[in-house]
Amino acid sequence: MLTLDKIYHASYVLKDVVRPTHIVKASALADDCEVYLKPENLQITGSFKVRGSGYKISQLSDEEKKRGVIACSAGNHAQGVALAATKYGIKSLICLPDGAPISKVEATKSYGADVCMVKGVYDDAYNEAIRLKEENNYTFIHPFDDENVIAGQGTIGLEILNEMPDVDAVVAAIGGGGLLSGVACAIKSLNPNIKVYGVQAEGAPSMYESIKQGKPVSLDSVSTIADGIQVKEPGELTYKYIKQYVDDIVTVSDDEIASAILKLIETQKMIAEGAGAAPLAAIMYNKLPVKGKKVVCIVSGGNIDVTILNRVIKRGLLMSGRQQTLCVELQDKPGQLVAVSTIIANHGANVISVHHERAGEGSDVIGCYLRIVIETRNFDHIKEISDALTKAGFKLI
């Protein structure tokens, strides 16, 4: 059974394993509530996962340790298991889905684990890990559906209450549900009045659908930039604890997650992966009833691949009105480009790129199109520029 005593014991065991991640006030992230961040992206291995895997491995028998451990992961759990196993002198094998970011694969190897790449997503890696466990008699370290793993993650809840006892709400992302289960159990056991919310990606809403349907469900497919919470089916234990302790679950889109990642970079100088930014996305886009409340968002990890980060930033700029592509229909005569550029410059926007092309079939024979990408402040700024162009007689396509 998961108990508060077990979570306190995990906290004691892990005090020399995990890094303290003190709560940060983030005043620029929301207008109608006080947002604080629990920066587990600054944790050893760059994610909270080292807590659960560290506590689980510490509680293995000598015989289990001797046989070695195996785990499956999209990346963060892999690194936690690898680090904890190496710390205790245990051999570890990690099965990762072949779509896992290269940075996470290389980091897992660097912590001392052997890696087995599996075609598919997390659930395919899980099936292969179970097969290898039976074949080689390894001890399996489940990423979320295990009492000791959940207890390890629950230490985050204790730390939040120790540092901010007057918190009104805590928000965490959900993949398989281990983080939210442990945190919710710890917080609700100590103060039932504090609200605890879960956030899933729209492209992988397994726990959201499970709670809605009243039983654990398995999704046919999942797809999201938040690879750390890209799970087809929640755990049986985590489903039970989330149903018992969590007040509500909401979903956020990949575009909303991208905007939250960008916001953290710009305002907090903090790098979060998709799963880590999901709780903030829920706050930014008013998915939760937290107006006027003190809210702690758990930034669960920062292990985002730099190539994905580049795309996410571009997407975040578009989603937040910081970049816009305008297509202007012009007459093909001298001075048109200068006129458009002057209007844009006079309204304080910056031109990034320009593409000029002759009109195609069905258009005015002397017509042409100007596709221009501009840097802007927000959506109001975009409207201001668009209105000015229209007022000057230009037609926006």
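Leu337 counts as partly exposed, because its relative accessibility is 39% and that class takes in residues between the 20% limit for buried and the 50% limit for exposed. Keep in mind as you look at it that this is a predicted model. You will find Leu337 in helix α14, which runs over residues 336-346. On the surface, Leu337 joins Val351 and Val354 in a nonpolar patch. Together these three residues offer about 210 Å² of accessible area.

Now step back to the whole chain. Its C-alpha trace spans about 85 × 45 × 40 Å along the principal axes. The secondary structure comes to 15 helices and 14 strands. Of the 397 residues in the chain, 55% are buried.

From here, let's move on to the largest pocket, which holds about 350 Å³ of space. Its lining is made of 18 residues, and those closest to the pocket centre are Ala28, Leu29, Lys263, Met284 and Tyr285. If you sort the lining by class, you get eight nonpolar residues, along with five polar and five charged ones.

Which helices should you follow to trace this lining? Three to bring up on your screen are α11 (254-268), α12 (274-284) and α13 (306-319), each of which supplies at least two lining residues. Helix α11 gives the largest share, with five residues. A good place to begin is therefore Lys263, since it is among the residues closest to the pocket centre and its number falls within the 254-268 range of α11.

Terms used: Residues are numbered from 1 along each chain as its sequence is written. This is a predicted model: local features need pLDDT of at least 70, side-chain atom pairs count only at pLDDT 80 or more; totals for chains, interfaces and linings use all residues. Side-chain values use heavy atoms; hydrogens and water are left out. Patches are made of residues with over 30% relative accessible area and no salt bridge: like charges are joined within 9 Å, nonpolar side chains (Val, Leu, Ile, Met, Phe, Trp, Tyr) within 5 Å. Accessible areas come from the Shrake-Rupley method with a 1.4 Å probe; for residues, only the protein chains shown count as cover. A salt bridge is a side-chain nitrogen of Lys or Arg within 4 Å of a carboxyl oxygen of Asp or Glu. Helices (H or I, at least four residues) and strands (E, at least two) are DSSP runs, numbered from the N terminus. Buried means under 20% relative accessible area, exposed over 50%, partly exposed in between (1.4 Å probe, protein chains only). On a 1 Å grid over the protein atoms alone, a cavity is a set of points where a 1.4 Å probe fits but cannot get out, and a pocket is an open set with protein on both sides within 12 Å along at least five of seven lines; lining residues have an atom within 4 Å of a point. Grid points are joined across faces, edges and corners, and a volume is the space filled by probe spheres set on the points. Ala, Val, Leu, Ile, Met, Phe, Trp, Tyr, Cys and Pro count as nonpolar, Asp, Glu, Lys and Arg as charged, and the others, Gly among them, as polar.
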